[in-house]
Amino acid sequence: MALEDVCQFNNFQMDYKCLTNDCNLEWRIKNQDIVLNLSLPNSTNFHSIPSHQPIRRPFPLTHGTTTLGFIYQGGVIAAADTRASAGGLVACPSVSKITPIHSHLVVTSSGSGADCMLWERILMREIRLYQLRHKRRLSISGTAKLLSFMLHPFKGTDVCVALTLCGWDKSTTYAIEAHTPATTQSTSPHSGPSLIYVCSDGERLHGNVFSVGSGSPYAYGILDRALQWDMSRDEAISIAREAVFRATHRDAYSGNNVDIFHVTTDGWSRRQREDLKEEYYRWKGAKKKE
């Protein structure tokens, strides 16, 4: 065979010996002074597991993050760290936890990374299909309701998804087809900034400020103290950056960088990713001067 020629196994003299016991099955391949031992578990052990018994993970799947979003007079701010953790292991230091869904909607994700990526892609697909069918974009509130309905059947399972929808609804006028030849016009009641939290239990919450993840208690300490409605854009970005920085400083599951998105009536804009290590050194320098 071609694989044997590449691995130069065609010159080998193979002797198969099968030793079956309660633990394993051993294959041995000999060629003069070369001995290869391949061990496989006994297949009867797998058949002994009842088919109706749920398969549990061999270790607890612990994870953490820091994401936040809030509304102020200039739009919606979404911020998050970039550390993906798996227990005590930093799986990835530069993951993106804020995902643009369309031009006026971004989503912050908390929970299992694979589950969040899957449901974000499903949400993008459903919104695009809705737009193609109805010739208009689904509102932020309607998007949250759709996501909540899709996630509700997974309540009580191991699916772990917590998404915060940060978006802006533009006031639009669209046609409504009736049975009569006349066509009426209707204006969408949804307009302005929206901030909605949706989790894998199907829960859906509207609010002006949300912080989700293991670092959220530390982020709320900054947001509750400094957040004001009439802030400027620079002040809002500074508060979001400081909230994520304080959370990553105290929470071991959060860290590395901070991503910040700003959503307005013109769409979302992304601020350049900033290393939180530099923010820490600035804070230490200012503390020494005091």
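Trainee: Where does Lys284 sit?
Mentor: Lys284 is in helix α7. Bear in mind that this is a predicted model.

Trainee: Buried, partly exposed or exposed?
Mentor: Lys284 counts as partly exposed, because its relative accessibility is 32% and that class lies between 20% and 50%.

Trainee: Which residues gather with Lys284 in the patch of positive charge?
Mentor: Arg250, Lys287 and Lys288 join Lys284 there, on the surface.

Trainee: Which helix gives the most to that patch?
Mentor: Helix α7, residues 276-289. That helix supplies three residues.

Trainee: New topic. How many residues of strand β4 are buried?
Mentor: Six of its six. The strand covers residues 67-72 and is mostly covered.

Trainee: Which way do the β4 residues point?
Mentor: Thr67, Gly69 and Ile71 point one way. Leu68, Phe70 and Tyr72 point the other way. Both sets are buried.

Trainee: How many bridges join β4 to β5?
Mentor: Six, and the two strands run antiparallel. Strand β5 is residues 75-81.

Trainee: What joins β4 to β5 along the chain?
Mentor: A hairpin, through two residues.

Trainee: And which residue in β5 is the bridge partner of Phe70?
Mentor: Ile77.

Trainee: What about β15: how many bridges does β4 make there?
Mentor: Four, again in the antiparallel sense. Strand β15 spans residues 209-212.

Trainee: Which β15 residue stands opposite Leu68?
Mentor: Ser211. So β4 pairs with β5 and also with β15, by the rule of at least two bridges between strands.

Definitions and conventions: Residues are numbered from 1 along each chain as its sequence is written. This is a predicted model: local features need pLDDT of at least 70, side-chain atom pairs count only at pLDDT 80 or more; totals for chains, interfaces and linings use all residues. Side-chain values use heavy atoms; hydrogens and water are left out. Buried means under 20% relative accessible area, exposed over 50%, partly exposed in between (1.4 Å probe, protein chains only). Patches are made of residues with over 30% relative accessible area and no salt bridge: like charges are joined within 9 Å, nonpolar side chains (Val, Leu, Ile, Met, Phe, Trp, Tyr) within 5 Å. Accessible areas come from the Shrake-Rupley method with a 1.4 Å probe; for residues, only the protein chains shown count as cover. A salt bridge is a side-chain nitrogen of Lys or Arg within 4 Å of a carboxyl oxygen of Asp or Glu. Lys and Arg count as positive and Asp and Glu as negative; His and the chain ends are not counted. The place of a charge is taken as NZ of Lys, CZ of Arg, CG of Asp or CD of Glu.
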